Amino acid sequence: MQCPHCHQENQDGAQFCRVCGKPLGAFDGGAGLIKRALVVIGLLLALLAAAGLWFVFHGNAANPAASGNQSSSAQSTSPVPASTLVKLGVAYGTEKEAWFTWAVQEFAKTPEGSGIHIDLKPMGSIEAANAIVRNDAAIQVWSPASSLYKTILLRNWKAGHADTDPLLKETILASTPMVFVMWQERYDAFVQHYQELNFRTIGQAINEPAGWKTIAEKPDWYFFKFSHTNPSQSNSGLTALVLMGYDHFGKTSGLDAGDITNPDFQTWLQSIEKNLQGAASGLVPSTGTLMTSMIQRGWSTYDCVLVYEANAIERLDQAGGRWGPLRVVYPPYNMWNDNPYYVLNVAWSSPEQRRAADAFGQFLLSPAAQRQAAAHGFRPASQLVGTGDPDSPWVKYTAVGIQRQVPGTFCDPPNPEVMENLLLAWQRSQSAK
Amino acid sequence: MIGRIFARPVVSLMALLMLCLAFVAGCDKGNNNSSQTNSNSNSSAPPANPNAVEVLLLYGSEKQSWIDDVTPTFNASNAKLANGKVIHVSTTPMGSGESKDALLSGHTQATLWSPASGVFVQLGNAQSQIKGQPLIGPTKELVLSPVVIAMWKPMAQALGWPGKAIGWADVIALAKNPDGWAAYGHKEFGRLKFGHTHPEFSNSGLISILAEAYAGAGKVRGLTTDDLAKPEVGQYMADVEQSIVHYGSSTGFFGKRLIQDGPQYLSAAVLYENMVIESYSQQTSVPLVAIYPKEGTIWSDHPIGIVQRPWVSDEQKEAGQIFIDYLRAPAQQQKALQYGFRPAEGSLGAPLDAAHGVDPAQPQTVLELPSAAVIDATIQLWKKNKKHSDIALIFDKSGSMNDDNKIGSAKKGAIALVNMLAPEDSVTFIPFSTEVTVMDPVVLGTGKEELINHINMMVADGNTHLFQAIKLAKDKLMARRDPKRIQAIVVLTDGEDNGNDVSLSQLLDQLQVIEEDDASIRVFTIGYGNSAKLDDLKRISKATQAQEYQGNPDNILSVFRDIATFF
């Protein structure tokens with residue numbers, strides 16, 4: 001199928017363009033939306049006029065509240081009693097924490113949101129999926145970092161819930177690719193030795209017996225410290241394993257079980273995974289937390305991490321105020337993370353909660369919310385919000401490696417069997433320490 | 001803005017608006033139950049509720065200054081739950097290990113827990129998971145501070161600081177060197193006197209022994225139980241521990257005493273970076289500097305989370321989260337910086353700078369935090385190889401101890417102390433009243449039961465010849481003086497000395513720390529009840545760089561337990 005924006009060819013069924021990264025097909029661009037919006041505005045004006053006429057003829061007689069204090073500050077309005085609030089549990093990846101926290105506060109101020117209490121539950125994407133399969137009644141919405149784990153969730157769900165589909169509705173909120181984030185000074189030393197930053201050179205560095213002493217004649221830096229999130233809990237960790245597979249075999253699609261069980265690949269994967277920073281005490285369970293930890297602890301704990309582009313963008317300024325400048329590098333084999341928003345179709349979700357879930361989802365697609373997403377480093381799904389403004393992150397941070405047009409090659413999500421084999425291989429690497 | 005006078009037509013209008021929006025977005029919309037159209041209506045508070053929700057924060061005492069500063073402001077702000085109840089926060093500082101045990105046992109029913117480090121969260125959750133649930137939910141950092149070796153600047157310079165990277169191996173080599181500082185051209189500094197807290201009770205102590213184990217194994221990551229089983233690792237640890245002056249439950253205590261008593265008390269101690277910064281707000285004879293061990297250190301990351309126990313109500317969970325958000329807000333984070341902590345959020349700045357003895361670009365690397373099983377195995381290894389103790393336990397059995405059954409509670413406390421000591425430790429039991437009885441020292445590995453029997457069989461009667469008892473205890477310990485062991489006196493009394501043999505000034509002269517041969521016998525005093533002469537007891541403990549306590553039947557058990565952490 002052809003991308004409506006850059007006109008490059010993409011595979012059928014793809015959600016984002018391989019070249020420019022914009023959504024394909026799920027959104028028809030702004031034109032249809034604008035037309036329909038104009039129709040609504042016309043209707044609204046007509047209705048306002050009708051309401052005005054009604055007031056003129058019927059007055060306030062039937063409305064006791066109208067005879068009371070009519071202060072324009074509207075302090076006579078009272079908040080919705082807690083007992084009538086619709087409570088909505090939203091399990092979401094921490095990469096969206098700042099954006100969603102803003103969205104919940106703003107949504108509560110809207111008429112649609114005033115009767116809804118949203119309980120944001122920051123969780124690793126996979127951790128949340130597993131909680132849903134275990135019938136966690138506190139969750140009515142699932143918004144992982146990507147739809148990568150969706151097929152596994154559906155399969156695990158059906159194993160215990162007959163023939164029901166737990167996902168009522170799927171909406172794509174925003175996209176972000178993967179990036180390596182490294183301290184600039186250490187990045188310069190790294191590429192001087194290895195020429196390029198990718199999974200293969202990371203594998204070499206992580207297994208260098210004398211660490212930075214050999215890499216850059218910096219014995220005080222000790223070992224090369226790389227990490228990603230826990231693949232059994234977090235989408236970005238699982239994506240790391242997938243991308244290692246693609247990088248190792250030099251392909252962008254068709255990663256199969258034969259590849260994952262290949263002994264050379266298994267040996268190479270283990271050699272990296274067992275030496276990840278944090279492997280002994282437990283990898284960080286979510287991507288936002290990993291990026292935060294890098295900023296807090298600096299190069300003492302992480303030389304390099306694999307996170308979402310949005311995480312990096314959000315912390316670039318803060319890094320300079322604590323340790324030093326960062327460098328962002330796109331892996332040559334990459335994947336888009338489409339941040340889907342799933343309204344759950346589960347026994348513990350009432351019709352009111354599903355309507356509330358839908359309302360919040362719509363709010364997240366509003367221009368204001370999409371602009372906020374962009375401010376936090378997410379490439380918006382809405383075509384009404386661009387990424388080329390002078391103050392957009394994709395213009396402001398080009399000096400540290402952020403690019404509007406993402407370089408490299410984008411890979412297809414593998415099938416559930418491949419992902420499960422990757423997780424098994426990873427788990428074996430942890431017990432082999 | 002449409003006011004409530006338009007309520008009826010506006011409901012219809014809003015319903016139609018929803019339908020229109022549904023047409024635009026391509027989905028259905030339900031009814032909007034709200035009768036409000038004021039966009040500010042949800043931010044207006046419900047009517048004031050006279051009830052309050054109490055939240056107890058149990059936290060590592062390292063951050064007490066900051067917590068004590070910001071908590072009253074929170075309480076004064078009358079922060080509320082969504083249902084209008086006012087939140088009130090009370091706080092209890094405690095050593096990290098002690099707080100973990102207090103929560104696991106249910107002795108302290110806190111809403112929030114913030115130990116000094118995620119290590120204790122790991123341990124606590126692992127121990128709690130045996131019963132099916134974690135101790136604490138997901139955590140976030142409040143503030144961070146790396147563990148450092150705090151050393152007097154001239155001594156650090158003698159080791160090559162700041163030009164040379166110094167590590168655990170350098171300090172350990174100095175500790176093992178029989179010539180001490182003389183080997184570095186500074187005979188006037190004497191031997192290395194080193195201190196770290198008790199690893200079962202305090203985070204910095206735990207990190208110290210992990211660092212010793214790593215150094216002994218020649219590693220900075222991948223510490224295993226196999227490594228700990230190697231004889232040379234245990235021996236390495238034993239060699240380091242010989243330089244320890246005493247342990248203790250609180251890093252804060254070490255920090256304060258280091259600053260107060262200067263180089264004659266300790267050459268260096270394992271503390272947190274923020275304590276080095278804090279020292280610059282007080283007068284010291286020489287400045288302290290932070291050494292960031294070149295092999296790596298571990299961050300003290302002060303996680304905070306909501307306790308997962310039935311005693312925490314939903315309202316308390318909500319209130320707890322509000323308080324956590326408050327502590328992590330920019331204003332409070334900036335305040336934490338002023339107390340020397342690296343804030344969890346925001347930039348760094350003064351006083352995190354060279355002028356305060358620290359380096360914000362450090363540490364360069366960390367020691368890998370091992371698994372809970374390896375941490376536990378390291379603690380067990382330390383127990384075998386720690387510096388053992390000879391304790392003289394002086395126990396007042398004068399007639400006044402019969403009042404309010406003080407003697408009954410005091411016996412329990414003394415037995416608790418004995419039970420916390422190691423089999424290799426010895427106790428010389430010295431009950432006194434008009435007569436002072438100095439019993440033979442008992443090695444606890446073989447004679448503990450007999451000792452406990454003696455304690456239980458005491459009968460209160462007679463006067464209080466306190467000073468004579470202390471003098472005799474000191475003489476007894478000096479006769480068995482061994483620099484490879486900690487020697488200390490623990491004295492409990494409920495009154496004042498009324499003997500004629502020894503005056504206070506004579507006793508103080510004899511108790512003064514002897515620096516040259518490092519024969520320091522510390523005297524820990526417990527003034528029990530209202531009649532104890534606390535001033536005298538304080539002078540005695542201060543003269544020996546120990547600690548005084550004010551005890552009563554309710555707290556005597558925890559007093560003895562705290563004293564036990566010094567050995």
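**Entry 1: the domains of chain A**

I began with the domain assignment of chain A, which gives domain 1 (83-175 + 341-380) and domain 2 (176-337 + 397-431). I note here that I am reading a predicted model.

Next I looked up how far apart these two domains sit. The C-alpha centres of domain 1 of chain A and domain 2 of chain A are 27 Å apart. Then I checked the contact between them: 24 residues of domain 1 of chain A are in contact with 26 residues of domain 2 of chain A.

Which elements give two or more residues to the side of domain 1 of chain A that touches domain 2 of chain A? I found helix H2 (97-108), helix H3 (125-133), helix H4 (150-160) and strand E5 (174-183) of chain A. I also sorted the residues on that side of domain 1 of chain A, and they come out as 10 nonpolar, nine polar and five charged.

**Entry 2: an overview of chain B**

I turned to chain B and wrote down its basics. Chain B has 567 residues, and 49% of them are buried. I listed 20 helices and 17 strands in chain B. Of the contacts in chain B with a separation of 6 or more, 76% are between residues 24 or more positions apart.

The domain assignment splits chain B into domain 1 (4-43), domain 2 (52-141 + 303-340), domain 3 (146-300 + 355-383) and domain 4 (388-564). I picked one pair to follow up: the C-alpha centres of domain 2 of chain B and domain 3 of chain B lie 29 Å apart. Each of the two gives 18 residues to the contact.

On the side of domain 2 of chain B that touches domain 3 of chain B, the elements giving two or more residues are helix H3 (96-105) and helix H4 (118-129) of chain B. H4(B) supplies the largest share of that side, five residues. By type, I recorded seven nonpolar, nine polar and two charged residues on that side of domain 2 of chain B.

**Entry 3: an open sheet in chain B**

I traced an open sheet of five strands in chain B, with the order E2-E1-E3-E10-E4 and mixed pairing. Why is one side of strand E2 (86-94) and of strand E4 (140-141) of chain B left without a neighbour in the sheet? Both strands stand at the edges and each has a single partner strand, so one side of each stays without a neighbour.

Inside this sheet I followed one pairing. Strand E1 (residues 52-60) and strand E3 (residues 112-114) of chain B are parallel, joined over three bridges. One of the matches I noted is Tyr59(B), whose bridge partner in E3(B) is Ser114(B).

I then looked for a helix against this sheet. Helix H12 (residues 314-327) of chain B packs on the sheet and touches E1, E2, E3, E4 and strand E10 (303-306) of chain B. The direction of H12(B) makes about 55° with that of E1(B).

**Entry 4: strand E5 of chain B**

Is strand E5 (residues 143-152) of chain B mostly covered or uncovered? I found E5(B) mostly covered, with 10 of its 10 residues buried.

I went through several of its pairings in turn:

- Strand E11 (residues 342-343) of chain B pairs with E5(B) in the antiparallel sense over two bridges, and Val143(B) has Pro343(B) as its bridge partner.
- Strand E9 (residues 299-300) of chain B runs antiparallel to E5(B), with two bridges, and Pro146(B) is matched with Trp299(B).
- Strand E7 (residues 268-272) of chain B is antiparallel to E5(B) over five bridges, and Val148(B) stands opposite Leu271(B).
- Strand E8 (residues 288-291) of chain B also runs antiparallel to E5(B), with four bridges, and Ile149(B) stands opposite Ile291(B).

E5(B) came up again when I looked at helix H6 (residues 168-176) of chain B. The buried residues of H6(B) are Trp168(B), Asp170(B), Val171(B), Ile172(B), Leu174(B) and Ala175(B). Their cover includes E5, strand E6 (194-195), helix H7 (203-217), helix H9 (231-241) and E7 of chain B.

**Entry 5: the nonpolar cores**

Last, I looked up the largest nonpolar core, which has 211 residues. Those touching the most other members are Val141(A), Val181(A), Met182(A), Leu243(A), Val148(B), Ala150(B) and Val276(B).

I followed Val181(A) further. Leaving aside residues up to four places away in sequence, Val181(A) touches Met294(A), Cys304(A), Val305(A), Val307(A), Ala312(A), Leu326(A) and Val328(A). Apart from the largest core I noted another of 54 residues, among them Met401(B), Leu466(B), Ala488(B) and Ala564(B).

Key: Residues numbered from 1 in each chain as written. Chains lettered and ligands numbered in written order. Predicted model: local features only at pLDDT ≥ 70, side-chain atom pairs only at ≥ 80, totals over all residues. Domains from an automatic or database assignment. Contact = placed C-beta atoms within 7 Å. Nonpolar A, V, L, I, M, F, W, Y, C, P; charged D, E, K, R; others polar. Pairing = 2+ DSSP bridges. Axes fitted to C-alpha atoms, helices over the stretch in contact; angles between N-to-C directions. Buried ≥ 20, exposed ≤ 12 C-beta atoms within 10 Å, placed from the backbone. Core = buried A, V, L, I, M, F, W, Y, C linked by C-beta atoms within 7 Å.
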